[in-house]
Amino acid sequence: MTRPNILVLMVDQLNGTLFPDGPADWLHAPNLKKLAARSTRFRNAYTASPLCAPGRAAFMSGQLPSATGVYDNAAEFASSIPTYAHHLRRAGYQTCLSGKMHFVGPDQLHGFEDRLTTDIYPADFGWTPDYRKPGERIEWWYHNMGSVTGAGVAETSNQMEYDDEVAYNATRKIYDLARGADARPWCLTVSFTHPHDPYVARQKYWDLYDDCAHLLPQVPAFDYADQDPHSQRIFDANDWRNFDISEENIRNSRQAYFANISYLDDKVGEILQTLQDTQQEAIILFVSDHGDMLGERGLWFKMSFFEGASRVPLMIAAPQMAPGLQTTAVSNIDVCPTLCDLAGVPMDDIAEWTTGQSLVPMGQGVERTEPVAMEYAAEASYAPMVSLRYGKWKYNRCALDPDQLFDLEADPHELNNLADVAAHQGTLTQLQAKSEARWDLAALDADVRKSQARRLVVYDALRQGGYYPWDHQPLRDASDQYMRNHMDLNVLEHAKRAPRKT
């Protein structure tokens, strides 16, 4: 059979509530809006875990963090866990990654045959939280509110430099793929770090939102004492007491965030235009790893099951799936089986261990009724937290905290916890039973603690004496680039042209 090419476009920390049916009307995102018009769009898509490394390992493998062991941003993603890159490569695909995937550990490929850039974040165990020390802030890597107070305009930043490189390498790779030196179908994953904080944007994108009506959150900040226990832990982890957040800081942060969506839109446009210019066709999937609270309730960044942090945009443009809006809840763990389904690649060998489900039937009118599951066991938590999205309900559970039950249709901002309301005890009991059948929180807590303790010992040991980094080193062989004397110039000039002259 002829297998389709696949282009995966991934972004970082993009709030899914800004994509009610593709990008919100007021966002300056013409390329993403054009992509949305030909995509199956999933309004209620969720991360498997609202943090980078756990969310990405789940997205690639189709499994929750409790199955992968990737609980936090310093947990190793085991080489023995198959990813969509493994499944597709095994079936004859070229698999390539340009950009971020936050792999921790010595395996920096996880099925990708080629990786064009290094990662933006470290690959070692240095960012390991420690449940034995609740409330401890590790100053050199924990988030603080400096991203908010420092928001504004700059023409370059660490993040911009990275994403400029990601896009450049991705377009170069598309040119290479078009030259046809390798007849295999391809899967190219392009993964950006924007609009992840710090909230810094280029002037031309910043100016697009000078008159934006959305520069203040819909739900103003709560007093610390009025926050739920986990939100209080997030405030503490973010060192909120040492920062005075003004309305101007909030406006600037949100303006920069929206501006960086437009920056990303330009990058996506470059990639899609290169695909078109080289006369190649591909299935296109657009997704984020998790969201950003953007000041709602006074919360920023992620680490929460609230909609701003846990909902993600998800759009798929594929011939097998009809364009249109799907409102049933889905997860980014569904990406792996969906890509394999679209490519006609079976996952039978590991199906019993994979939680994700293919979304292709939903793009063909088939209903889905299973709940969506989320887990969180990283910084700002003192014990694992779990969540189920089931129909209009969201149910959150943690051994340390009171249960939370929200009716997202009647209460989209999750302001009214119904767990103690008599009229909703039947729903609470049903979701408690579903949650308890899925998770043994005591066993999960023990596994997280064991993982943390082991990694802290290993990290301390490896930092003594000679240190060999796990960070990916992109290979560049200049002796095989452009024109060299082992090449036939006439053959070279023809081979490097795309599209080819017929």
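# Reasoning about a predicted model

Q: Where in this predicted model does tyrosine 467 lie?
A: Look for tyrosine 467 in the loop that lies between helix H13 (441-462) and helix H14 (489-495).

Q: Why is tyrosine 467 called partly exposed?
A: Its relative accessibility is 34%. Buried would need a value under 20%, and exposed a value over 50%. Because 34% falls in between, tyrosine 467 counts as partly exposed.

Q: What makes up the nonpolar surface patch of about 230 Å²?
A: Val458, Leu462 and Tyr467 make this patch. A patch residue needs over 30% relative accessible area, and tyrosine 467, at 34%, fits that part of the rule.

Q: How many disulfides does a search of the whole structure find?
A: The search finds zero disulfides. Take cysteine 52: the nearest cysteine sulfur to it belongs to cysteine 336 and is 20 Å away. The two sulfurs of a disulfide must be within 2.5 Å, so cysteine 52 is in no disulfide.

Q: Why does cysteine 187 have no bond to cysteine 340?
A: A disulfide is a covalent bond that joins the sulfur atoms of two cysteines. Here the sulfur of cysteine 187 is 9.2 Å from that of cysteine 340, its closest cysteine sulfur. Set against the 2.5 Å cut-off, 9.2 Å is too far for a bond.

Q: How do you know whether cysteine 52 is buried or exposed?
A: Cysteine 52 has 1% relative accessibility. That is under 20%, so cysteine 52 counts as buried. Cysteine 187 also has 1% relative accessibility and counts as buried.

Q: Why is strand S14 (residues 385-390) described as largely enclosed by the rest of the structure?
A: Five of its six residues are buried, so the description fits.

Q: Which strands pair with S14?
A: Strand S13 (residues 372-376) runs antiparallel to S14, joined by five bridges. Strand S15 (residues 393-398) pairs with S14 over six bridges, also in the antiparallel sense. Two strands count as a pair from at least two bridges, so five and six bridges both pass. In the S13 pairing, alanine 373 stands opposite leucine 388, while arginine 389 stands opposite lysine 394 of S15.

Q: What do S14 and S15 form together?
A: They form a hairpin with two residues between them, and glycine 391 in the turn has a positive phi of about 60°.

Q: How many aromatic pairs are there?
A: The count comes to 17.

Q: Why is the pair of phenylalanine 19 and phenylalanine 286 called stacked?
A: Their ring centres are 6.0 Å apart, which is within the 6.5 Å limit for a pair. Their planes meet at 25°, and since that is under 30 degrees, the pair is stacked. The two residues are 267 residues apart in the chain, with phenylalanine 286 in strand S9 (residues 283-288). Phenylalanine 19 is buried at 4% relative accessible area, and phenylalanine 286 is buried at 1%.

Q: What makes the pair of phenylalanine 77 and phenylalanine 103 tilted?
A: The planes are 40° apart, with 6.0 Å from centre to centre. Stacked needs under 30 degrees and edge-to-face over 60, so 40° leaves tilted. Phenylalanine 77, at 3% relative accessibility, counts as buried, and so does phenylalanine 103, at 2%.

Terms used: Residues are numbered from 1 along each chain as its sequence is written. This is a predicted model: local features need pLDDT of at least 70, side-chain atom pairs count only at pLDDT 80 or more; totals for chains, interfaces and linings use all residues. Side-chain values use heavy atoms; hydrogens and water are left out. Buried means under 20% relative accessible area, exposed over 50%, partly exposed in between (1.4 Å probe, protein chains only). Helices (H or I, at least four residues) and strands (E, at least two) are DSSP runs, numbered from the N terminus. Patches are made of residues with over 30% relative accessible area and no salt bridge: like charges are joined within 9 Å, nonpolar side chains (Val, Leu, Ile, Met, Phe, Trp, Tyr) within 5 Å. Accessible areas come from the Shrake-Rupley method with a 1.4 Å probe; for residues, only the protein chains shown count as cover. A salt bridge is a side-chain nitrogen of Lys or Arg within 4 Å of a carboxyl oxygen of Asp or Glu.
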